[in-house]
Amino acid sequence: MISTSSIFGLFAQPGMSAYNATKFAVRSLTESLRQELDMEESGVSATCVHPGGIKTNIARTARMDESMAGLMGEDTGTLQANFEKLFRTSADDAAQAILKAVKRNRRRLLHAGYQGFVTGALKFNRQRQNGSRRR
């Protein structure tokens with residue numbers, strides 16, 4: 001079984017609470033299901049995919065709300081341009097990576113090139129949270 005989460009199922013971003021929650025839920029469901037399938041020795045497995053930026057029409061046509069621009073301190077055009085820089089992987093390359101992960105029975109797939117991004121985001125979020133507690 002393949003579930004599609006998001007890199008936002010690994011770390012949370014402000015202004016995206018509902019989206020973050022659904023992606024964490026997909027990750028949790030997949031991890032729990034995989035353990036249950038393993039315990040039952042079912043011969044079925046589960047892989048959770050955190051694809052990062054995939055070059056698709058959905059990603060290209062995503063709209064940035066003014067409230068998000070205000071939260072991030074940038075105008076919507078700049079925010080959109082920066083967002084589009086994250087789309088690094090073609091849909092075909094993503095599909096091949098997913099098939100490879102499933103064949104290798106991997107629990108989780110984070111596409112190559114995004115590990116540093118996720119690590120940096122986790123560190124930034126931790127610093128931001130620690131700073132907000134000091135106020």
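The protein chain has 6 helices and 5 strands, and in this predicted model the elements run, from the N terminus on, in the order β-α-β-β-α-α-α-β-α-β-α. Of the 135 residues in the protein chain, 30% are buried. Among contacts with a separation of 6 or more, 63% are between residues that stand 24 or more positions apart. The points below take up the sheet, helix H1, the residue His-50 and a group of aromatic rings.

**The sheet**

- Three strands make up an open sheet, which has the order E1-E2-E5 and parallel pairing.
- The edge strands of this sheet are E1 and E5, each of which pairs on one side only, and the twist from one strand to the next averages 20 degrees.
- Strands E1 and E2 run parallel and are joined by 3 bridges; to take one position, Ser-3 has Cys-48 in E2 as its bridge partner.
- Helix H1 packs on the sheet, where it touches E1, E2 and E5, and the direction of H1 makes about 155 degrees with that of E2.

**Helix H1**

- Helix H1 covers residues 17-39, and its 23 residues should span 33 Å at 1.5 Å a residue, because the expected span is 1.5 Å times one less than the number of residues; the end C-alpha atoms of H1 are indeed 33 Å apart, which agrees with that expectation.
- The buried residues of H1 are Asn-20, Lys-23, Arg-27, Thr-30, Arg-34 and Leu-37, and what covers them includes strand E1 (2-4), strand E2 and strand E5 (108-110).
- After H1 comes Glu-41, a residue whose phi is positive, near 50 degrees.

**His-50 in strand E2**

- His-50 is found in strand E2, which takes in residues 47-50, and with a relative accessible area of 0% this residue is buried, because buried means under 20%.
- A polar atom of the His-50 side chain lies 2.8 Å from the backbone oxygen of Ser-6.
- Leaving aside neighbours within four places in sequence, the residues in contact with His-50 include Ser-5, Ser-6, Ile-7, Gly-9 and Leu-10.
- The contacts of His-50 also include Arg-27, which is one of the buried residues of H1, as well as Arg-108, Leu-109, Leu-110 and His-111.

**The aromatic cluster**

- How many aromatic pairs does a search of the whole structure find? The search finds 2 such pairs.
- In one pair, the rings of Phe-8 and Phe-11 have their centres 5.3 Å apart and their planes at 70 degrees, so this pair is edge-to-face, a label given to planes over 60 degrees apart.
- In another pair, the ring centres of Phe-8 and Tyr-19 are 6.2 Å apart and the planes again stand at 70 degrees, so this pair is edge-to-face as well.
- Phe-8 lies in the loop between E1 and H1, whereas Tyr-19 lies in helix H1, so their pair ties together parts that are 11 residues apart in sequence.
- Which residues form one aromatic cluster? The members are Phe-8, Phe-11 and Tyr-19.
- Phe-8 counts as buried at 12% relative accessibility, and Phe-11 counts as buried at 3%, whereas Tyr-19, at 38%, counts as partly exposed.

Definitions and conventions
Residues numbered from 1 in each chain as written. Predicted model: local features only at pLDDT ≥ 70, side-chain atom pairs only at ≥ 80, totals over all residues. Heavy atoms only, no water. Helix = DSSP H or I, 4+ residues; strand = E, 2+ residues; numbered from the N terminus. Buried < 20%, exposed > 50% of the residue type's maximum accessible area, 1.4 Å probe, protein only. Polar contact = N/O pair within 3.5 Å; in protein donor to acceptor, adjacent residues only side chain to side chain. Contact = heavy atoms within 4.5 Å. Phe/Tyr/Trp six-rings, centres within 6.5 Å; stacked < 30°, edge-to-face > 60°. Pairing = 2+ DSSP bridges. Axes fitted to C-alpha atoms, helices over the stretch in contact; angles between N-to-C directions.
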